[in-house]
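Here is a short report to read alongside the model. Have the sequence and the 3D view open, and we will start at one residue before stepping back to the whole chain.

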Amino acid sequence: MKPSSFVMGFEIKTTRGPVLKPVSLEIWDQNSRFAEFTPHPPLKFQNDSLVGLQFQKLTNFFSAPKQKDFINHAIEELCPYATLFYSSADRLFKIQEKLKPVDEKLVQAFENQWFAYWDAQDFSKGISFNKLDQAFDMLSEFESQMKAPLMYNFTLKFSKKFNDHLLSMYSFLFHLRSLIALDHNIHIDDSSFESVKCDSISDYLPRADFTTNDALVYWQFKKLATPFVGHKDKDVRIEKLFVEPMQRAFDQYNHNACALVDQLPQDILSHQANADLEQYLHQIQMDWLLGSSAGLLFRVREELFGLHHGYDKVFWPESSGQKPKKPTQFKVCFELTEQDLGVKKIA
């Protein structure tokens, strides 16, 4: 019989800054610390419970089979990211089958290295986030070994086991940041100007509509430039004086748009009607972010980057000029029941 509730307490320790920076998460011993606090129902968007649940899943902190069943069931009901990932991945299949995948041996070596690092960690009392610096370094090294950027990369394919692990890690890190945002917004002087916000799309792809418009212009340039390059009768003067300078300008000022167009199969873009191309390019950006292995790894890397350098430097630069806040301990104690899981979230 599955347990009908799950109680968890933890404490997030921080360092000072315009936005507090988490340094550790300490899991409470159920036989001691719970006497100090009465567990409360989860927050409105379940971010406190998802931090705790995903930590449990990532670390196998509680090993009792019945407890694991409840945790996995709760994550399935409350967290939409896995559903979004696999539904978006289905739409990317036609694109990915036209592209040569990243070397399978390189991908497998990275997955093995990651799991070896993760399994070697001691999570018995929680986690010190400086341990994740090694994970950030591993991600950067892997991107370098691929010799291709993660941004709008459709050729990277991880195993289902590794994708599921990254989904849990992303959910843990994203909701951890949302708790810091919640605490930050409680203690500001004027919420009209100083509050911060978490968004699971624009935090990673800001102004995606701008990128779409830039990609449309870049695609038109590539089509117009094609007759002047790449064949025996090409006009060298036009190539040197017009095409190459324009290409450098696009790469410099519209990097994301160029990456989007250049990494898509060109025949797919050619077969799109001009009237539909704008919507198609916007949808592809969303599917890449939410449903590709590269997009998932990119989101994890951005969260690790923010955790290492400070959220105000990566996600909320508008907060950098605010007065530094004193470090604090953010205490969380929640009880999750079957009633909290009664309404299934539909992505």
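Let's begin with a side chain: that of His175 comes within 2.8 Å of the backbone oxygen of Ser171. Please keep in mind that this is a predicted model.

Where does His175 sit? You will find His175 in helix H6, which spans residues 160-186. Is His175 buried or exposed? Its relative accessibility is 7%, and because buried means under 20%, His175 counts as buried.

Which residues does His175 touch, once those up to four places away in sequence are set aside? The partners are Asn47, Leu50, Val51 and Tyr81.

Now for the wider view. Helix H6 belongs to a protein chain with 14 helices and 4 strands. The table gathers some values for the protein chain.

| Property of the protein chain | Value |
|---|---|
| Box filled by the C-alpha atoms, along the principal axes | roughly 80 × 50 × 35 Å |
| Share of the 347 residues that is buried | 48% |
| Exposed area | about 18,100 Å² |
| Part of the exposed area supplied by carbon and sulfur atoms | 53% |

His175 is thus one of the buried residues, a group that makes up 48% of the protein chain.

How are contacts spread along the sequence? Of the contacts in the protein chain with a separation of 6 or more, 80% join residues 24 or more positions apart.

Finally, a word on charge. The protein chain carries 39 positive and 45 negative charges, and the mean positions of these two sets lie 2 Å apart.

How values were computed. Residues numbered from 1 in each chain as written. Predicted model: local features only at pLDDT ≥ 70, side-chain atom pairs only at ≥ 80, totals over all residues. Heavy atoms only, no water. Helix = DSSP H or I, 4+ residues; strand = E, 2+ residues; numbered from the N terminus. Buried < 20%, exposed > 50% of the residue type's maximum accessible area, 1.4 Å probe, protein only. Polar contact = N/O pair within 3.5 Å; in protein donor to acceptor, adjacent residues only side chain to side chain. Contact = heavy atoms within 4.5 Å. Areas by Shrake-Rupley, 256 points an atom, 1.4 Å probe, with all protein chains shown as cover. Lys, Arg positive; Asp, Glu negative; His and termini not counted. Charge placed at Lys NZ, Arg CZ, Asp CG, Glu CD.
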